[in-house]
Amino acid sequence: MSLVIRVGPARAEWWREHLQGLLPELECRLWDDPGDPDEVRQAVVWKPPVGGLKRFANLEVIVSIGAGIDHVLADTELPRHVPIIRTTGADLSRRMREYVCLHVLRLHRRLPEIEAAQVRREWLPLVNPPACERRVGVMGLGNLGADCARALAAIGFDTAGWSRSRKDIEGVATFAGDSELDAFLERTEILVCLLPLTPATAGILDRSLFARLPEGACIINAARGEHLVDDDLLEALAGGHIRAATLDVFHTEPLPGDHPFWDHPDILVTPHVASLIDPVTGGKAIAENLRRFMNGEHVPDMVDLTKGY
Ligand code: NAP
Ligand code: GLV
């Protein structure tokens, strides 16, 4: 019985060694050297190529090396009967919390303007409102979004969140469903996107959504590139309705060298590093989920494919 791992070449062997150590009862192999495909029962993957998973006729479970599963569902030839487990955990939440708080604070305190002023040797004593007067909104209140909303509220931001079903989070004003989206947007000066990518959320960060935010609002997208309509953001920045954006995820990754985001003065590009899953901590979460699955126990990270995320 073997487990196959598909991840970028730079980290593949690191992953293989860790998972092999954590799951000695399985033979852990790399995607390009899987041995007899009929022996493969588990696949641990990030962005598997179209048609890649159907080679394994006896596959019992697919594990996403990620909280999102959109990169697995993008395989149009995916064996749909095979269950999918996503990867979550305290480590992933902690890293996303750091990223979101860092970038909300950076925009709140207008650090980009101060950094630009330093280049001009200009003393720029900007006066900002305190956090309690800054309205921050988190789209998506799942594992990551709810945790970030709590952390932002703990810093003192006037924090709200929006999700599909209603949530009750202490210190956070919550909005639910399409009917409450406008009310959520109207009060959001710094918007953080932590939605999963689904047909309902693709392209949600578009011209119409930007127009419903207050003048001078900022965008942080740490979810998926496909949530954002790139040209609509460029247009909203040019018109001044959106003040700045911090983007961690892109339609094409790595972001192509000629993309206008790279040298836009009001966009910060980070290379999909908001919350990376590494083989040390992520490997433990994956091994624990796989062991539960193989023992027939409840797996909390099992994806409900009817929901699609
Ligand atoms: P999650 O636990 O599945 O939570 C998703 C949240 O989005 C839930 O609150 C859900 O509402 C809400 N939602 C889904 N569809 C919606 C819709 N149509 N309208 C309104 N709300 C909707 O996901 P997660 O673990 O927090 O992760 C979120 C995403 O972050 C992942 O899918 C991934 O794309 C991204 N991510 C990025 C990085 C990075 O490094 N940049 C790292 C990890 C994850 P309900 O609560 O009602 O279901
Ligand atoms: C990373 O993007 C993830 O989905 O965990």
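A residue is near a molecule or strand if one of its heavy atoms lies within 4 Å of it. Keep that in hand for the exercises below.

The model is predicted, so local features need pLDDT of at least 70 and side-chain atom pairs count only at pLDDT 80 or more, while totals for chains, interfaces and linings use all residues. Residues are numbered from 1 along each chain as its sequence is written, chains are lettered from A and ligands numbered from 1 in the order in which they are written, and side-chain values use heavy atoms, with hydrogens and water left out.

**Exercise 1. Find the residues that come nearest to ligand 1, then describe its polar contacts and its cover.**

Step 1. Start with the shell: 29 residues surround ligand 1, and L141, L144, S165, K167 and Y309 come nearest.

Step 2. Look for polar contacts (pairs of N or O atoms within 3.5 Å; within protein, one must be able to donate a hydrogen and the other to accept it, and residues adjacent in sequence count only if both atoms are side-chain atoms). On the backbone, an N or O atom of G142 lies 3.1 Å from an oxygen atom of ligand 1, and a polar backbone atom of L144 is 2.9 Å from an oxygen atom of the ligand. From a side chain, D248 places a polar atom 2.9 Å from a nitrogen atom of ligand 1.

Step 3. Now the cover: on its own, ligand 1 has 940 Å² of accessible area (Shrake-Rupley method, 1.4 Å probe; for residues, only the protein chains shown count as cover), and the protein covers 93% of it.

Step 4. Finally, α5 (143-155) and β7 (158-163) are the elements that give two or more residues to this shell. Helices (H or I, at least four residues) and strands (E, at least two) are DSSP runs, numbered from the N terminus.

**Exercise 2. List the residues around ligand 2 and locate its polar contacts.**

Step 1. The residues around ligand 2 are W46, G66, A67, G68, R224 and H272.

Step 2. A backbone N or O atom of G68 sits 2.9 Å from an oxygen atom of the ligand. Polar side-chain atoms do likewise: that of R224 lies 2.7 Å from an oxygen atom of ligand 2, and that of H272 lies 2.7 Å from an oxygen atom of ligand 2.

Step 3. Taken alone, ligand 2 exposes 190 Å², of which the protein buries 86%.

**Exercise 3. Decide whether T159 is buried or exposed, and describe its surroundings.**

Step 1. Find T159 in strand β7.

Step 2. Apply the cut-offs: buried is under 20% relative accessible area, exposed over 50%, and partly exposed in between (1.4 Å probe, protein chains only). T159 has a relative accessible area of 2%, so this residue is buried.

Step 3. A polar atom of the T159 side chain lies 3.0 Å from the backbone oxygen of F157.

Step 4. Check contacts (heavy atoms within 4.5 Å). Not counting residues up to four places away in sequence, T159 touches V136, A149, L152, A153, G171, V172, A173 and R187.

**Exercise 4. Pick out the backbone features at P254, K47 and R110.**

Step 1. P254 is in the loop between β11 (242-247) and β12 (267-269), and the peptide bond from E253 to P254 is cis, with omega near -5°.

Step 2. K47, in the loop between β3 (40-45) and β4 (61-64), has a positive phi near 50° without being a glycine. Its relative accessible area is 36%, so K47 is partly exposed.

Step 3. R110 is in the loop between α3 and α4 (111-119); R110 is not a glycine either, yet has a positive phi of about 55°. With 24% relative accessibility, R110 counts as partly exposed.
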